[in-house]
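I opened this model to look up its enclosed spaces, its ligand site and a few backbone oddities. My notes follow in the order I made them.

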Amino acid sequence: MVSKKHISITVNGEAKETEVEPRMLLAHFLREVVGLTGTHIGCDTTNCGACTVIMDGKAVKSCTILAVQANGKKVMTIEGLSKGREKLHPVQQSFVDKHGLQCGYCTSGMILTSYWLLKNRKNVTDEEIRAAISGNLCRCTGYDNIVESIKDASKKMEEEGDPIEEHPEIKVRA
Amino acid sequence: MELSEKLVRGEGRFVDDIQMPGMLYLGFARSQYARAKILKISGAQLTHKEVNFEVVEVGEGATTGGPAALSHPVLANGHVGYVGQPVAAVYSDDRYVAEDLIDSVEIEYEPMKAIVDPEDSLKREVMYPGVKSNAIVDRYFGKEFTPDPSDIVIERKIINRRIATNPIEPRGIVAAYDGHKLTVWVSTQSAHSIKGGLSEALKMEPDRIRVVQVDTGGAFGLKGGLFPEYVVACYLAMKERRPVKWIETRREHLLASRPGRGVVANLKLYAKKDGTITGLKGEVIVDNGAFTGGSGEFSPMFIARQLAGAYYLPNAYVRAVSVLTNKAPQGPYRGAGRPEAMYFIERLMDGLADKLKMDPVALRLINAAKETYTSPLGMQVEKSRQFLESAIKELNYEKYRDRENVGFAFLILYHATAGGESARIKVENGRLKVWTGGNAHGQRHDIFIKTLLKEELGVPEDIVDVLKGDTDQLEDGVGAWGSRSSMVLSSAVIVAAGKIKEQIGKKHGKYTLKALLEGKWDEYEFFKYDKTESSLGANLVTVDMDSYGRVIVKECLSYYDIGRILDLDNAKGQNAGGAVQGIGQTLSEELAFDEDGLPLITSISDAGVLSADLVPKFGIKFHKSESPLPSKAKGIGEAPTIGVPIALSRAIEKATGKLIVETPIRPEYLLPEEKA
Amino acid sequence: MNPPAFEYFAPTGIDEVIDILAKYPGEAKILAGGQSLIPLLKARISSIPYLVSLSEVKGLSYVDEGKEGVRIGAMTVDSDIENSELIRKKFPVLHDATEQLADPLVRNVGTIGGNLSHADPANDLPAVMIALDARISVQGRNGLREIKARDFFLDTFTTALEAEEVLTEVTIPFWGKRSGGAYVKFKKNTWNFSVAAVAVQLELEGNKCTRANIATTSVSAKSGRMESAEKILAGKELTHEVISKAASEVAASAQPTSDPYGTEDYKREILKRITREAIRKALSRAGEN
Ligand SMILES: Cc1cc2nc3c(=O)[nH]c(=O)nc-3n(C[C@H](O)[C@H](O)[C@H](O)COP(=O)(O)OP(=O)(O)OC[C@H]3O[C@@H](n4cnc5c(N)ncnc54)[C@H](O)[C@@H]3O)c2cc1C
Ligand code: FES
Ligand code: FES
């Protein structure tokens with residue numbers, strides 16, 4: 001029997017402390033220990049991005065990170081994006097407005113990758129968007145409406161700003 | 001909360017999101033061999049000895065009763081027929097431990113020489129003792145005819161290789177049993193199909209089974225079916241009286257769910273020198289896989305019957321065969337026989353145009369059906385010439401005609417309207433609840449249902465709740481596939497709404513919204529429909545080839561007849577989504593096997609699912625000739641998976657000068673020679 | 001698919017890391033970004049009883065300009081290298097590679113140390129480091145030692161690292177003023193990995209090439225230098241003929257194997273063409289300096 005590890009991860013601003021088996025994936029920790037099921041799992045080879053979360057300011061695939069590796073880090077899931085606010089986050093709103101989802105399974109990951117992109121870049125081009133979401137697969141939309149949603153979100157973020165005050169400090173690069 | 005709002009908040013409820021106290025996680029030890037006898041199994045908790053059920057066919061194109069030897073046992077019965085076939089089951093209350101248990105199952109095999117190639121299968125020994133032939137379907141359509149000796153003949157072997165459906169959410173089920181009733185939560189296109197299938201497989205009275213559809217993360221044909229794993233999950237839930245969850249891994253999906261396509265055609269098209277086609281002969285061979293339970297008993301016939309395309313074809317004689325191979329059973333994948341049939345006839349038409357040095361679209365125009373007729377192969381072909389003329393205009397074909405990188409597709413899409421569909425509308429406390437028999441899994445039926453109810457009953461969208469499939473809430477139902485929902489499902493909603501209106505009229509003299517919302521109403525409608533409807537479509541694709549033979553899809557335009565547009569955004573999304581799958585089929589998607597039947601594909605990316613950076617922006621225009629159904633709409637879902645591979649293959653053929661007769665087209669084949 | 005059980009350690013100092021590795025010889029492995037290791041564990045291809053994470057060891061993530069070269073810490077993630085202006089300017093071959101490596105999310109986690117230590121012949125950074133004449137610093141029970149990148153990769157998944165050694169830093173020496181490089185990657189259809197890829201780094205004097213390094217990805221059991229091809233370039237003016245000859249030599253000396261992505265011959269042909277492209281690109285970049 002392997003020994004469990006004590007970990008503390010800040011999830012959407014709240015510290016979560018618990019003992020976990022070292023082999024537990026961050027995705028399962030979020031879904032089954034914390035109970036945030038918006039983080040999805042779509043593959044076992046780190047290709048699909050359905051499990052995307054923001055960890056210490058970067059979009060990452062939570063199916064390929066151990067919960068123990070996230071010890072001491074800040075994680076934001078899809079639920080964190082509009083947590084405590086009735087209104088959707090601009091990126092979420094754009095996905096609704098521009099029909100950026102069909103079945104909705106890839107959506108959490110798409111939105112979080114988009115959020116990370118838009119925190120880093122202004123005036124994103126179609127090409128930059130497509131490159132940025134190249135690690136997130138969608139089998140329904142054919143991506144057009146997702147690209148439109150992200151462009152719309154870029155505008156909304158410019159105009160309205162980011163309502164998340166205490167978001168993980170996302171590094172802004174040139 | 002509206003569905004899309006829920007989903008963007010991460011508050012959807014997919015099957016793996018369900019947690020219940022005492023839940024068991026089910027796992028399967030699967031075959032490592034494509035074909036083998038099982039000598040011994042140790043370390044398993046469930047085997048065929050105890051769980052000796054068989055999978056029954058449900059979903060689009062389900063047939064009943066093939067030869068008994070061919071039925072898919074839920075756990076292998078002494079032998080295995082494909083890599084990934086469930087042999088034994090294990091379970092634990094921890095999903096990680098369930099996986100450890102899979103690793104501890106030991107299975108001894110006596111391997112046999114696998115049958116991998118469908119054409120080879122027809123020449124090989126029979127796969128099972130007691131079976132007469134490896135052809136489980138072998139039928140002829142049309143009538144033998146003698147071609148005019150002066151006719152031109154185009155002869156081709158054309159192949160659409162197998163591809164995985166790959167919804168981003170894999171298959172999954174949760175089953176619970178209270179001593180009398182079995183309740184199942186499942187990711188599906190059809191709660192009622194699953195219910196019917198489970199009842200038959202488990203030999204349980206239907207009213208002891210309730211199937212609830214949860215949010216379903218894509219399906220593309222796959223999730224209309226019943227699977228061995230589902231039956232075992234239900235069995236275990238009843239045996240242990242504990243909730244049981246089984247969630248497919250992607251690896252399992254690639255091995256053992258039901259892939260689509262996998263069809264070979266050997267065809268000859270006959271034509272006069274002026275381009276008028278005179279006849280079609282040949283055979284269509286479906287790679288059925290090792291068992292029934294998929295769609296292999298249906299698909300060869302469905303494909304053969306559609307081979308006239310949208311053209312006037314006076315003579316035809318086609319053999320439709322489905323053969324046993326050591327692979328997972330073939331199943332429906334977005335289009336399910338439609339893309340194959342149109343690909344075959346359209347490739348032949350392009351071949352004919354080249355032979356006659358004619359413009360391929362001009363050739364299509366000559367042959368487009370001037371009047372609606374029933375082809376010798378049995379399908380009704382609607383008159384298509386006028387549509388084609390307007391497609392040429394709308395897609396601006398004249399501008400592209402002389403380019404060396406353009407392909408054009410002309411298609412007929414047969415909607416699976418036959419069988420009809422059900423809907424129930426319940427009004428209570430000022431809100432409307434709607435259940436429908438076809439269960440959306442990425443088509444956003446909720447949006448058009450709300451639009452229709454606004455029109456029919458004048459109710460604002462925000463008081464309508466479109467609920468997921470639930471067999472306890474809805475007597476009967478069919479399923480969401482075959483581009484049918486905007487047609488029959490929406491019609492069921494319209495008729496059910498009409499019934500409520502009528503009742504209110506009777507009671508109150510006339511229909512008012514107030515009377516609706518203040519009263520209690522509950523109407524169920526099974527909208528019966530026997531006919532298979534169809535619609536026409538066209539695609540235009542242009543490509544650039546780089547110096548390595550890589551294809552860059554530049555423009556990908558659609559022109560489809562979708563009748564009345566119920567939801568424009570959704571139609572565009574359906575088009576783009578289908579078009580990406582069409583590009584995938586043509587350029588990257590394949591479930592490849594080696595000569596021993598061992599799968600070579602182990603990840604969703606290896607399977608060729610395209611990412612956003614590899615596809616263009618899509619364009620679509622609509623032709624709006626209303627359907628005869630109450631909704632006046634026509635389906636669109638499968639049109640792009642039919643048209644895009646055709647137009648793209650042709651564009652590549654033009655750009656490279658290489659004959660294209662296979663999907664996917666291997667990059668290797670396209671590598672251009674270098675000039676010295 | 002989830003990993004089998006293992007013990008996990010996350011020490012805060014390198015010495016502790018080495019102690020743990022030494023305590024379980026052959027059974028303990030380092031966990032860096034996990035972007036290669038965790039997929040392997042999930043697929044249950046390998047089972048590793050003891051994982052030693054570097055995530056809590058501070059000071060292993062940096063891209064620093066020194067006197068004789070640029071030093072990159074083992075735990076520096078690919079995206080930090082991709083976004084480094086210094087790297088883009090000084091070593092465009094490395095920028096090319098990181099920009100095309102995996103996908104943006106994997107690049108946010110995968111590390112240079114892991115990419116090199118994993119020694120997957122399909123990984124992109126080994127060839128780049130070989131082409132740049134980089135040196136790899138490793139720390140073990142007997143202290144620190146440096147290994148030339150060209151001597152580091154021994155075979156598929158096998159490096160010159162001893163079981164209890166840790167890769168701590170990579171040093172890329174500065175090249176002469178008129179130098180330049182390029183990485184050309186021919187990706188598999190929808191996979192991030194390549195059918196073939198090649199790294200070229202050149203230095204010029206007058207109109208002659210004085211130094212030329214070529215290394216390949218995905219076409220041999222290990223990433224390695226293509227010395228016979230380098231010799232064709234060295235000391236010569238890089239005319240169309242010379243470039244073509246060197247590219248053909250690279251293709252001839254590689255050892256690709258047939259798979260669903262192409263036959264051996266096809267891969268050689270691709271390699272020849274991308275090598276030409278890479279040499280031309282490197283040449284033009286060197287010429288600009
Ligand atoms: C979807 C996907 C696509 C990918 N595509 C590409 C690609 O196109 N090109 C490419 O190059 N790579 C690709 N990779 C691999 C990726 O780059 C990995 O990040 C990299 O191979 C390993 O780095 P890591 O930090 O994740 O190492 P880990 O996975 O943590 O470790 C890998 C191995 O290196 C050892 N190790 C790690 N760090 C050290 C150290 N400091 N000292 C000693 N040993 C150490 C570990 O013990 C282990 O054996 C891809 C990965 C994924 C999941
Ligand atoms: S589930 Fe994480 S990448 Fe697919
Ligand atoms: S919306 Fe279904 S996978 Fe993206």
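Entry 1, second largest cavity. I began with the second largest cavity and listed its lining, which has 14 residues; Val58(B), Gly221(B), Gly225(B), Arg258(B) and Pro332(B) lie nearest its centre. I note for the record that this is a predicted model. The space in this cavity comes to about 90 Å³. Sorting the lining by residue class, I got four nonpolar, eight polar and two charged.

I then asked where the second largest cavity lies with respect to domain 1 and domain 2 of chain B. Domain 1 (22–112 + 171–247) and domain 2 (263–415 + 532–670) both give residues to its lining, so the cavity lies between them.

Entry 2, largest cavity. Rolling a probe the size of a water molecule over the atoms shows where empty space is left. Counting cavities of 30 Å³ or more, I have eight. The largest of them holds about 530 Å³ of space. I find 37 residues in its lining, and those nearest its centre are Gln443(B), Ser483(B), Gln574(B), Ile636(B) and Gly637(B).

Which helices supply at least two residues each to this lining? I wrote down helix H12 (445–457), helix H13 (485–508) and helix H15 (568–587), which belong to chain B. H15(B) has the largest share, with three residues. By class, the lining of the largest cavity holds 14 nonpolar, 16 polar and seven charged residues.

Entry 3, ligand 1. I looked up which chains ligand 1 lies between, and they are A and C. I count 33 residues around ligand 1; Ile30(C), Gln35(C), Ser36(C), Thr111(C) and Asp124(C) come nearest.

I then went through polar contacts to oxygen atoms of the ligand. A polar backbone atom of Ile30(C) is 2.5 Å from an oxygen atom of ligand 1. For Asn123(C), an N or O atom in the side chain is 2.9 Å from a ligand oxygen. For Lys29(C), a polar side-chain atom lies 3.0 Å from an oxygen atom of ligand 1.

How much of the accessible area of ligand 1 does the protein cover? On its own the ligand has 960 Å², and the protein covers 97% of that. Strand E2 (28–31), helix H7 (112–118) and strand E10 (166–173) of chain C are the elements that give two or more residues to the shell around ligand 1. H7(C) gives the most, with five residues. I sorted the shell as well and got 14 nonpolar, 16 polar and three charged residues.

Entry 4, backbone. Most residues other than glycine have a negative phi, and most peptide bonds are trans. I noted one departure of each kind in chain B.

Arg261(B) is not a glycine, yet its phi is positive, at about 55 degrees. I placed Arg261(B) in the loop between helix H6 (250–256) and strand E12 (263–271) of chain B.

The peptide bond joining Thr663(B) and Pro664(B) is cis, with omega about -10 degrees. Pro664(B) sits in the loop between strand E25 (662–663) and helix H17 (667–670) of chain B.

Methods:
Residues numbered from 1 in each chain as written. Chains lettered and ligands numbered in written order. Predicted model: local features only at pLDDT ≥ 70, side-chain atom pairs only at ≥ 80, totals over all residues. Heavy atoms only, no water. 1 Å grid on protein atoms, 1.4 Å probe; cavity = no way out; pocket = protein on both sides within 12 Å on 5 of 7 lines; lining within 4 Å. Points joined across faces, edges and corners; volume = space filled by probe spheres on them. Helix = DSSP H or I, 4+ residues; strand = E, 2+ residues; numbered from the N terminus. Nonpolar A, V, L, I, M, F, W, Y, C, P; charged D, E, K, R; others polar. Domains from an automatic or database assignment. Near = heavy atom within 4 Å. Polar contact = N/O pair within 3.5 Å; in protein donor to acceptor, adjacent residues only side chain to side chain. Areas by Shrake-Rupley, 256 points an atom, 1.4 Å probe, with all protein chains shown as cover.
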